[in-house]
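Biologist: I am new to this structure. Please pick one part, look at it closely, and show me how it sits in the rest of the chain.

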Amino acid sequence: MADSRDENVTWLTQEAYDRLRAEYEYLSGPGRVDIAKKIEAAREEGDLKENGGYHAAKDEQGKMEARIFHLRQIIDSAKVGEAPKTEGVVGPGMTVTIRFVGDDDEVTFLLASREESGAPIDVYSPKSPLGAAINGKKIGEKATYSMPNGRQNTVEILEAVPYIGN
């Protein structure tokens with residue numbers, strides 16, 4: 001059995017799982033049929049080089065197929081429920097407070113899948129550079145991660161408590 005902090009597991013609430021599953025079912029069924037009809041209708045309009053409707057429909061199809069692929073990955077790796085939590089240890093489903101080393105700024109956020117929408121606080125993915133760096137760390141420990149600009153940033157874990165919602 002995979003460890004609860006396994007980076008390949010996506011922890012989702014039942015509501016989020018059901019919402020993503022319904023989107024996947026629609027896009028991979030009726031959604032594909034609808035886009036195929038749009039492409040066929042645009043194709044019948046004539047010259048494909050000058051046909052904006054055809055190219056727009058093909059672009060829409062590509063984006064839809066990418067979303068279907070992404071949803072399939074999430075659904076296949078999803079575990080419904082809550083990740084096991086240990087107070088004081090950073091992991092999915094925890095409210096985490098960090099301080100940037102060399103700065104007094106503190107940031108508090110929920111470490112969870114970005115597919116979990118509706119949280120009243122910021123949500124950082126455990127797969128993000130910061131999330132991956134702090135996952136499994138204990139209060140008082142430091143973690144360094146690479147920012148998008150390539151610079152390194154170090155944070156100290158101040159608090160890690162189970163998220164209890166509003």
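Modeller: A residue counts as buried when its relative accessible area is under 20%. By that cut-off Asn51 is buried, because its relative accessible area is 5%. Keep that residue in mind; we will come back to Asn51. Note too that this is a predicted model.

Start with the whole chain. The chain holds three helices and seven strands. Along the sequence, their pattern is β-α-α-β-β-β-β-α-β-β. The chain has 166 residues, and 36% of them count as buried. Now take contacts between residues at least 6 apart in sequence: 55% of them join residues at least 24 apart.

The part I choose is the sheet, with strand β3 as our way in. Five strands make up this open sheet, in the order β5-β4-β3-β7-β6. Its pairing is mixed. β5, residues 123-124, and β6, residues 142-146, are the edge strands. Each of these two pairs on one side only.

Now β3 itself. This strand covers residues 94-100. Six of its seven residues are buried, so "mostly covered" is a fair description under the 20% cut-off. On one side β3 has β4, residues 106-111, as an antiparallel partner. Six bridges join β3 to β4. The two strands also form a hairpin, with five residues between them. Look in that turn for Gly102, which has a positive phi of about 85°.

β3 has another partner, β7, which spans residues 152-162. Here too the pairing is antiparallel, and it runs over seven bridges. To follow it by eye, find Thr95: its bridge partner in β7 is Val161.

Which residue of β3 deserves a closer look? I would pick Thr97, which is found in that strand. Thr97 is buried, because its relative accessible area is 8% and the cut-off is 20%. Its bridge partner in β4 is Thr108. The side chains of Thr97 and Thr108 are also joined, by a polar contact of 2.8 Å. Leave out residues up to four places away in sequence, and Thr97 touches Glu106, Val107, Thr108, Glu156, Ile157, Leu158 and Glu159. Place those names on the strands: β4 covers 106-111, while β7 covers 152-162. Thr97 therefore has contacts in both partner strands of β3, given these numbers.

Move outward from β4. β4 and β5 pair in the parallel sense, over two bridges. Leu110 stands opposite Val123 in β5.

Past β5 comes a loop. Ser128 is found there, between β5 and α3, which spans 129-134. Is Ser128 buried or exposed? Ser128 is buried, because its relative accessible area is 12% and the cut-off is 20%. Its side chain has a polar atom 2.7 Å from the backbone oxygen of Ser125. The side chain of Ser128 also has a polar atom 3.0 Å from the backbone nitrogen of Gly131.

Now the other edge. β6 and β7 pair in the antiparallel sense, over five bridges. Tyr145 stands opposite Asn153 in β7. β6 has two faces to tell apart. Ala143 and Tyr145 form the covered face. Lys142, Thr144 and Ser146 form the uncovered one. β6 and β7 make a hairpin with five residues between the strands, and Gly150 in that hairpin takes a positive phi near 95°.

Leave the sheet and turn to two helices. Two packed helices are described by the angle between their axes and the distance between the axes. The axes of α1 and α2 come within 9 Å and cross at roughly 160°. That makes α1 roughly antiparallel to α2. The crossing is left-handed.

This brings us back to Asn51. The loop that holds Asn51 lies between α1, residues 14-43, and α2, residues 52-77. What does its side chain reach? The backbone nitrogen of Tyr54 is reached at 2.9 Å. The backbone nitrogen of Gly53 lies 3.2 Å from a polar atom of that side chain. Setting aside neighbours within four places in sequence, Asn51 is in contact with Ala42, Arg43, Glu45 and Gly46. So a buried residue, at 5% relative accessible area, sits in this loop.

Key
Residues numbered from 1 in each chain as written. Predicted model: local features only at pLDDT ≥ 70, side-chain atom pairs only at ≥ 80, totals over all residues. Heavy atoms only, no water. Buried < 20%, exposed > 50% of the residue type's maximum accessible area, 1.4 Å probe, protein only. Helix = DSSP H or I, 4+ residues; strand = E, 2+ residues; numbered from the N terminus. Pairing = 2+ DSSP bridges. Contact = heavy atoms within 4.5 Å. Polar contact = N/O pair within 3.5 Å; in protein donor to acceptor, adjacent residues only side chain to side chain. Axes fitted to C-alpha atoms, helices over the stretch in contact; angles between N-to-C directions. Parallel < 35°, antiparallel > 145°, perpendicular 65-115°, else oblique. Left-handed = near helix turned anticlockwise from the far one by under 90°.
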